[in-house]
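Biologist: Got a minute to go through this one with me? I'd like to know what stands behind the words we use for it.

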Amino acid sequence: MKKIVMATIISMTILTNVFANGTKPIETLKSKNEVCIITDKAILRRFCYKDKDEKIKMPDDEFGEWITDFRVGADYYRYIAKDNRLGLGVGITISPILQLYDIYGVTKIKIPLTNRWFLGVGVGLGNIPTRDGVKTSHHNFFKLFTCFNFKNISIYLSYTQDTLYEQPVNENFDFTNIFEALNLGIVTRFTI
């Protein structure tokens, strides 16, 4: 998964350099508060679990296929630097298939090569779904993303990881469920 993410980021760097040469700089926002509504479609997804000793991939893992699920999210940024170079904020993501939602702190950084390409990272906590026979102690979320902006719309690529720490009710060992996904999406942006 990490090799795919790196290859994708390198590809987006090349595309950004090609397409950004003829574009105008991104507008300076009158309001420094921006809201992004995100709809992600999973390109690749992997589920695995880690016990006390090692990480084991589940046998029914369909790595490399288009997945039917999607994620919907909303991020709020407050730009704290000139030319919208750095934004800090909060976000929420909802994943219907996994029955999870995540609330996270997020940052968005403009890449110096172009005025239209941003990188960002989000880290946070989410709800804990209940399942028969399993106790979930806690859940956390990580997101690494890049987006290419056109006026009020962005093309959005993200790597997300949901981690659930669980224990069977009748067993004495803990295990960790890890859901990783590479998502391609579209973002609608507006200022408030």
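Modeller: Sure, here is a short back-and-forth on the fold and the cavities. Keep in mind that this is a predicted model.

Biologist: How do you know how many helices and strands the protein chain has?

Modeller: They are DSSP runs, with at least four residues for a helix and at least two for a strand. On that basis the protein chain comes to one helix and nine strands, and from the N terminus the order is α-β-β-β-β-β-β-β-β-β.

Biologist: And what makes a residue count as buried?

Modeller: Under 20% relative accessible area. Of the 192 residues in the protein chain, 44% are buried.

Biologist: What makes a space in here a cavity?

Modeller: A 1.4 Å probe fits but cannot get out. The structure holds five of these at 30 Å³ or more, and the largest has a volume of about 80 Å³.

Biologist: Which residues lie nearest the centre of the largest cavity?

Modeller: Arg45, Asp69, Arg71, Leu98 and Ala181, out of 13 lining residues. β1 (33-50), β3 (70-79), β8 (153-168) and β9 (175-191) each supply at least two residues of that lining; β9 gives the most, with four.

Biologist: Why are some residues in that lining called charged?

Modeller: Because Asp, Glu, Lys and Arg count as charged. By class, the lining of the largest cavity therefore comes to five charged, five nonpolar and three polar residues.

Notes
Residues are numbered from 1 along each chain as its sequence is written. This is a predicted model: local features need pLDDT of at least 70, side-chain atom pairs count only at pLDDT 80 or more; totals for chains, interfaces and linings use all residues. Side-chain values use heavy atoms; hydrogens and water are left out. Buried means under 20% relative accessible area, exposed over 50%, partly exposed in between (1.4 Å probe, protein chains only). On a 1 Å grid over the protein atoms alone, a cavity is a set of points where a 1.4 Å probe fits but cannot get out, and a pocket is an open set with protein on both sides within 12 Å along at least five of seven lines; lining residues have an atom within 4 Å of a point. Grid points are joined across faces, edges and corners, and a volume is the space filled by probe spheres set on the points.
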